[in-house]
Amino acid sequence: MYDLVIRNGLLITAEGALDADLGISDAQIAALGLGLHGKRFIDAAGCYVIPGGVDPHVHLQMPLAGLVSTDSFRSGSVAAACGGTTTFIDFVTPGAGEPLLAALAARKAEAQGEVAIDFGLHMTVPTWHATEEQRLLEVPEVVAAGCATFKMYQAYDGVMLDDVALLRALAAVADAGGRVVLHSETGPVIDVLRADALAEGHIEPIWHEYTRPAQLEATAIHRAAELADLTGCPLFIFHVGCAESIAEIVAAHDRGIDIHGETCPQYLLLSAEEHLGGAQGALFICAPPLRDPEDQEALWRALANDELQVVSTDHCPWTRAEKTRRDFAQVPGGVPGIEARLSLVHHFGVNRGLLSLERWVQVCSTNAASWMGLTTKGRLAPGYDADVVIFDPAREKTISPATLHEAAGWTPYNGFSVFGWPRTVLLRGQMIVENEEYIGAPGDGRFVKREA
Ligand code: MN
């Protein structure tokens, strides 16, 4: 007799579809089978039953240049839950001179008691100078604290690592058994292109795309892959947005390098033409930038072919007012998207025949859980956390700010109609969304230690 049995649904696991009941006891998946007996039942007739979504790349209440990204841990995690995501990974950004462990503790404290779903944190490696070399010694302690992934940047003043610093940091993380997630763009060259464009009076949003050419994304990946190989550090490329970058990842993988990558709904569904939408154009500024329709096709193919393994959101929301600036270079980067991810990938991937149902589950949940060291997440299998989404593939929804729980007040997917939306969501066996209504409480979510 299980605590709870979900019956009449079609279970979609990373391995395939299965017409079976799902038995849940003690907050874990206990059994998959027919005719399971439970103290309680949920009827999932006509629905898919899938592992809760894992979004390994979000920025909630992130400070940036005097602003703070619009979704708090509270609002952003509620939006994620309503969209079928039950685990997210956000970031620790240590201040100048701040010990990494102190920064980790502070960021954890901000989220705990607030979040609707479980969460982990990536440790951002600050720009290291020779005088700060002792910080490398903290890396093993950070891994031991359950923060096994380190975010590094090849662009942006303040966090950009040159190749020497990147090599040293990759080596330190590899020695500690950790892994690296990377923002890959050739920052120093982009900085020159941006300054030149501004000096020539080019301030329109489209110049954000013109000054971040795809080749500078791809060559950064090439260099990073070789450095990762020299150090033996597993490497995960964030927000891959163009065909050139896919080709570098495939080529590096073919050379035997331990490299994987993600893309995001904005790169799969939007193009740089959005920047030409007058006053709207600045809303779509994110880095790497949106590219061309041909890149979207390449990204869908790469997801289907396992050249890319994950769809995250890089959710980083700002209000319209915050996005309105005199020139493109002053616009805070990032777009919202934490809520509609599963539905967008289902509708535009599965419903268009580009992804199988099991591939949808892999890229939205299983693969990120596996690479990021979330050992109890991302699978409908005995012993895993009972993070479960009952997803109604026939539910039609037109996306707008009014239909979402995100706080930005706008969405890049405004007016998109999708078939398929999460109906009910369980976090470790507890119902937090019922018939599309959020019914959880702040602090339902916990910090999840991730293993190296
Ligand atoms: Mn990001």
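How far apart do the C-alpha centres of domain 1 and domain 2 lie? In this predicted model, the two centres are 31 Å apart.

## Two domains

The domain assignment divides the protein into two parts. Domain 1 is built from three stretches of the chain, 2-50, 386-394 and 418-438. Domain 2 is a single stretch, 53-371.

The two domains touch each other: 23 residues of domain 1 are in contact with 26 residues of domain 2.

## The nonpolar cores

The largest nonpolar core contains 102 residues. Inside this core, Phe150, Met152, Ile259 and Trp360 have the most contacts. Helix 4, which covers residues 163-175, supplies the largest share of the core, with seven residues. Domain 1 and domain 2 both give residues to this core, so the core lies between them.

A second core, separate from this one, has 16 residues, among them Leu11, Ile42, Cys47 and Ala386.

Ile259 can serve as an example from the largest core. Which residues is Ile259 in contact with, leaving aside its neighbours within four places in sequence? They are Ile221, Ala225, Leu235, Ile237, Ile249, Ala252 and His253.

## The manganese site

A manganese ion is coordinated by three residues: His57 and His59, each through NE2, and Asp314 through OD. The distances run from 2.1 to 2.2 Å. Along the chain, these donors follow the spacing H-x1-H-x254-D.

Are the two histidines buried or exposed? A residue counts as buried when its relative accessible area is under 20%. His57 has a relative accessible area of 1%, so His57 is buried. His59, at 7%, is buried as well.

## The seven-stranded sheet

Seven strands make up an open sheet with mixed pairing, in the order 3-2-7-18-19-20-21. Strand 3 (16-19) and strand 21 (437-438) are at the edges. Each of these two has a single partner strand, so one side of each has no neighbour in the sheet.

Strand 2, residues 10-13, pairs with strand 3 in the antiparallel sense over four bridges. The two strands are joined by a hairpin through two residues. Leu11 has Leu18 of strand 3 as its bridge partner. Leu11 also belongs to the second core described above.

Further along the sheet, strand 19 (residues 417-427) and strand 20 (residues 430-434) form an antiparallel pair over three bridges. Here Val425 is opposite Val433 of strand 20. In general, side chains in a regular strand alternate between the two faces of the sheet.

Helix 12, residues 341-350, lies across strand 7 (48-51), strand 18 (388-398) and strand 19. The helix runs at about 140 degrees to strand 19.

## The loop with Pro401

Where is Pro401 found? Pro401 is in the loop between strand 18 and strand 19. Its relative accessibility is 34%, so Pro401 counts as partly exposed.

Leaving aside neighbours within four places in sequence, Pro401 is in contact with Gly409, Trp410, Thr411 and Asn414. Pro412 is 11 residues from Pro401 along the chain, and the C-alpha atoms of these two prolines are separated by 9.6 Å.

Terms used:
Residues numbered from 1 in each chain as written. Predicted model: local features only at pLDDT ≥ 70, side-chain atom pairs only at ≥ 80, totals over all residues. Heavy atoms only, no water. Donors = N, O, S within 2.8 Å, 3.2 Å for Na, K, Ca; no water. Buried < 20%, exposed > 50% of the residue type's maximum accessible area, 1.4 Å probe, protein only. Core = buried A, V, L, I, M, F, W, Y, C linked by side-chain atoms within 4.5 Å. Domains from an automatic or database assignment. Contact = heavy atoms within 4.5 Å. Pairing = 2+ DSSP bridges. Axes fitted to C-alpha atoms, helices over the stretch in contact; angles between N-to-C directions.
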